[in-house]
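Here are a few exercises to work through with the model open beside you. Try each task before you read its solution.

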Amino acid sequence: MRAVVYEGSGGPEVVKLREVPRPVPTGNALLMRVHVTALNRADLLQRAGVYHVPEGQSAIPGVEVAGTVEAWGEDVKGFTRGQRVFGVVEGGGYAEFCLLDADMALVIPEAFSFEEAAATAESCLTANETLFELGGLKPGQTVLVHAGASGIGTTMVQMVKHVGATALCTVGTPRKVEALTRLGADAAIDYRRQDFVAEVLARTGGEGVELVMDFVGGAYLSRNLSVLKHEGCLVLVGLLDGMAAELDLLRVVQRRLQLKGSSLRLRPMVEKRQVNARFRQRWMEVLAQGGLRPVIHGAWPLEAVVDAHAEMEANRNIGKLLLTVAG
């Protein structure tokens with residue numbers, strides 16, 4: 001089969017399209033014919049040599065796919081050949097075939113295209129887990145979502161509004177401000193032109209927010225803590241600005257703040273299955289009814305993966321970037 005591989009670490013020059021062995025499903029694994037896969041920041045970090053693939057997982061990039069069932073392992077029941085499914089995989093998505101754990105497989109809603117399904121999996125699982133399971137989001141609360149125009153950011157804004165909470169977000173351009181406002185955000189703050197701390201406090205009457213969803217880390221830590229309400233919660237979902245920062249412990253103690261972190265890929269499979277089950281229970285019917293839809297920035301053929309990476313690296317995207325593989 002054809003697959004994208006990284007031959008070393010570095011820039012676009014290490015990205016190659018090669019013929020590699022097709023994976024063989026055993027145990028609880030489905031063999032999927034991949035129609036569409038989606039880009040994630042971890043793919044770029046892996047290419048650069050910053051992110052190391054967990055032991056036992058595929059070195060082929062790509063962690064969310066949509067396609068059709070081709071075959072399955074001896075422990076799998078309830079699937080049929082050609083069935084349309086999507087889900088989060090342990091790497092291997094940038095390929096014509098990949099393995100998907102049967103308990104991670106979700107049936108694609110009838111009204112969804114393969115593109116929409118591929119853009120849904122990782123973003124929705126992560127958003128549900130961090131907003132509700134870790135963040136404890138409730139109707140009437142206010143959330144600050146950083147990187148609001150990212151695939152997961154656009155998903156979070158929709159989920160926040162769906163449950164009757166207030167969504168504030170940060171973005172980097174006026175075009176993204178307009179897009180997030182149209183999506184339903186109560187406020188989209190251009191962090192390049194506005195101080196998000198001042199804006200959040202102004203919009204909350206100085207009280208701050210119950211929950212912050214942060215993909216930046218690093219220098220944002222202190223500022224994030226300053227916009228949290230008493231007993232508020234900060235959930236770290238990404239570390240784009242680095243893995244170290246100074247922490248004002250007195251502020252944490254005095255205001256009884258909570259700091260939590262989340263990484264779906266680093267969890268053992270048993271926990272990933274639980275995350276998937278919680279998402280299925282809460283959101284699959286909403287997806288089927290059109291109450292939650294992924295925002296798609298664009299799609300490139302697998303052969304143009306370098307161009308898709310460049311678009312993400314330039315931070316121009318509003319929503320998910322996809323690679324079409326088959327069909």
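**Exercise 1: two domains and their contact**

The centres of domain 1 and domain 2, taken over C-alpha atoms, are 27 Å apart. Keep in mind that this is a predicted model.

Task: Work out which stretches of chain make up each domain, and how many residues each one brings to the contact.

Solution:
- Start with the bounds: domain 1 covers 2-121 + 265-324, while domain 2 covers 135-261.
- Next, look at who takes part: 13 residues come from domain 1 and 16 residues from domain 2.

**Exercise 2: what the interface is made of**

Task: Find how much area the two domains bury between them, which three residues of domain 1 supply the most of its share, and how many salt bridges and polar pairs cross over.

Solution:
- The size of an interface is often given as the accessible area lost when the parts come together. Here, domain 1 and domain 2 bury about 1,200 Å² between them, and 62% of that is on carbon and sulfur atoms.
- Now pick out the big contributors: Trp283, Leu292 and Ile318 supply 40% of the area that domain 1 buries against domain 2, more than any other three residues.
- Finally, check the polar side: there are zero salt bridges between domain 1 and domain 2, but four residue pairs are in polar contact.

**Exercise 3: a salt bridge**

Task: Say how many salt bridges the model has, then place the partners arginine 81 and glutamate 70.

Solution:
- The count comes to 22 salt bridges, taking a nitrogen-to-oxygen cut-off of within 4 Å.
- Arginine 81 and glutamate 70 pass that test, as their closest N and O atoms are 2.7 Å apart.
- Arginine 81 sits in the loop between strand 4 and strand 5 (84-88), and glutamate 70 is in strand 4, eleven residues apart.

**Exercise 4: around serine 150**

Task: Locate serine 150 and list what it touches.

Solution:
- Serine 150 is in the loop between strand 8 (142-145) and helix 4 (151-162).
- Leaving out residues up to four places away in sequence, serine 150 touches Asn317 and Gly319.
- A polar atom of the serine 150 side chain also lies 2.9 Å from the backbone nitrogen of glycine 153.

Definitions and conventions:
Residues numbered from 1 in each chain as written. Predicted model: local features only at pLDDT ≥ 70, side-chain atom pairs only at ≥ 80, totals over all residues. Heavy atoms only, no water. Domains from an automatic or database assignment. Contact = heavy atoms within 4.5 Å. Buried area = accessible area lost by both parts, 1.4 Å probe. Salt bridge = Lys/Arg side-chain N within 4 Å of Asp/Glu carboxyl O. Polar contact = N/O pair within 3.5 Å; in protein donor to acceptor, adjacent residues only side chain to side chain. Helix = DSSP H or I, 4+ residues; strand = E, 2+ residues; numbered from the N terminus.
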